[in-house]
Amino acid sequence: MAESNEDQQFNSAPQGDRHGSEDAKSGHVSVLLKEATDFLDIRRGGTYIDATVGLGGHSEAIARRLGPQGRLIGFDKDLQALAIARRRLAAIPQELAPEITLIHASFAELGRRIPMNSADGLLADIGLSSVQLADPTRGFSFQAEGPLDMRMDPHGQRTADQVVNHMREEELANVIYEFGEERRSRRIARAIVRARPIGTTAHLAQVISAALRSMKPDRIHPATRTFQAIRIFVNRELEELGALLEAVPAVLRSGGRLVVISFHSLEDRRVKDALRAGAQRGLYRLLTKKPVTATEQEVRSNPRSRSAKLRAAERTEKRAEQAQEL
């Protein structure tokens, strides 16, 4: 595979990083790690794709199973996360490590970046990483003062500030309703427009909380769904997920596995529909009739895993050329 300047290829070598040290620093724990790697059914010497490298937890588990004859390809839009993952993967002893290529790009580019019938498996852990949430300067969290940014790729053109301070009220309400499944979207949009200009994430959270103060309390923070909606819209997350799911059948070899972990109903619904449609067309054999969820033990140790849903499928014999035609 030809590599661009954005691609980083290296053979892992010890760099002094302790195994799991990046997770320990960030508080990040890879969700459904055992389940994901088990469903991938990793073959030593194979080629596997981690479509959402994040901090490298899943990537490291895959790489250690692949061995030196294998290949791991990772995608991520976040340069900071890629840098952390690169250090983590470099800690794998060179004699045990596969060839590793990290690509700074959205997984939506899978179809043009990866040759047809070339991968034995693909994992996508959809959602924010803890390093993004923990850094107030990224603007993802309503629990800290930060700029209205929310871009996973710092070079992305669309920002939360543009949505919050410049979008028309009706369009803003539609975004909050569609991507946040927030039934009080019109009330929230009206309050945001009246409060403009809104300068920070904390200010935005205050505006939303004040708008909903007289309504029946919810079990989650009043700003949760609105922040989710803005983040999804800013990063075109559902659009990119659709592009990934459309490209996967052509990229996987026969018998290759697709594993997707999602964290809210909008994502899970699209994954479920894509896998079922693929199975009806003869492209997949479904491996999960219902989504796999975290054990009680994992939820206790990692509360983030509570909302995680894993779905998996195996590529069938139908040729990738037919998959593209469909």
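## A tour from strand β2 to the aromatic pairs

Begin with strand β2 (residues 47-50) and strand β3 (residues 71-76), which run parallel and are joined by four bridges. The model on your screen is a predicted one, and this should be kept in mind at each stop.

With both strands selected, pick out Thr47, whose bridge partner in β3 is Arg71. To follow the chain from β2 to β3, add helix α3 (residues 57-66), through which the chain crosses in a β-α-β crossover that is right-handed. Then turn to the side chains of β2 themselves: Thr47 and Ile49 point one way from the strand, whereas Tyr48 and Asp50 point the other way, and all of them are buried.

Next, select strand β5 (residues 119-125), which runs parallel to β2 and is joined to it by three bridges. Here the residue to centre on is Asp50, which stands opposite Leu123 of β5.

Move now to the largest nonpolar core, which has 35 residues, and display Ile192, Leu204, Phe227 and Ile230, the members that touch the most others. Colouring by helix is helpful at this stop, since α7 (160-166), α8 (169-180), α9, α10 (201-211) and α11 (224-235) each supply at least two residues of this core. Of the contributions to this core, that of α11 is the greatest, with six residues.

Which residues is Ile192 in contact with, leaving aside its neighbours within four places in sequence? Select Val164, Leu172, Ile176, Ile198, Leu204 and Val207, and the set of those contacts of Ile192 is on display. Apart from this core lies another, of 28 residues, and among its members are Leu32, Leu89, Leu123 and Val259. Leu123 thus brings the tour back for a moment to β5, where this residue stands opposite Asp50.

The structure also holds two aromatic pairs. For one of them, select Phe142 and Phe227, whose rings are edge-to-face, at 5.4 Å centre to centre and with 80° between the planes. Phe142 lies in the loop between α6 (130-134) and α7, while Phe227 lies in helix α11, so this pair ties together parts that are 85 residues apart in sequence. Both Phe142 and Phe227 are buried.

For the other, select Phe179 and Phe233, whose ring centres are 6.1 Å apart and whose planes are at 40°, so that this pair is tilted. Because Phe179 lies in helix α8 and Phe233 in helix α11, the pair ties together parts that are 54 residues apart in sequence. Phe179 is buried, with a relative accessible area of 14%, and Phe233 is buried as well, with a relative accessible area of 17%. Before leaving Phe233, add Arg158, which lies over the face of that ring, at 4.1 Å from the ring centre.

As a last stop, select Arg186, which lies in helix α9 (residues 185-195). Is this residue buried or exposed? Arg186 has a relative accessible area of 52% and is therefore exposed. Not counting residues up to four places away in sequence, Arg186 touches Ala173 and Asn174. A distance drawn in the viewer between the C-alpha atoms of Arg186 and Ala173 should read 5.0 Å, although the two residues are 13 residues apart along the chain.

Terms used:
Residues numbered from 1 in each chain as written. Predicted model: local features only at pLDDT ≥ 70, side-chain atom pairs only at ≥ 80, totals over all residues. Heavy atoms only, no water. Buried < 20%, exposed > 50% of the residue type's maximum accessible area, 1.4 Å probe, protein only. Pairing = 2+ DSSP bridges. Right-handed = clockwise from strand over helix to strand, strands pointing away. Contact = heavy atoms within 4.5 Å. Core = buried A, V, L, I, M, F, W, Y, C linked by side-chain atoms within 4.5 Å. Phe/Tyr/Trp six-rings, centres within 6.5 Å; stacked < 30°, edge-to-face > 60°. Lys NZ or Arg CZ within 6 Å of the ring centre and 35° of its normal.
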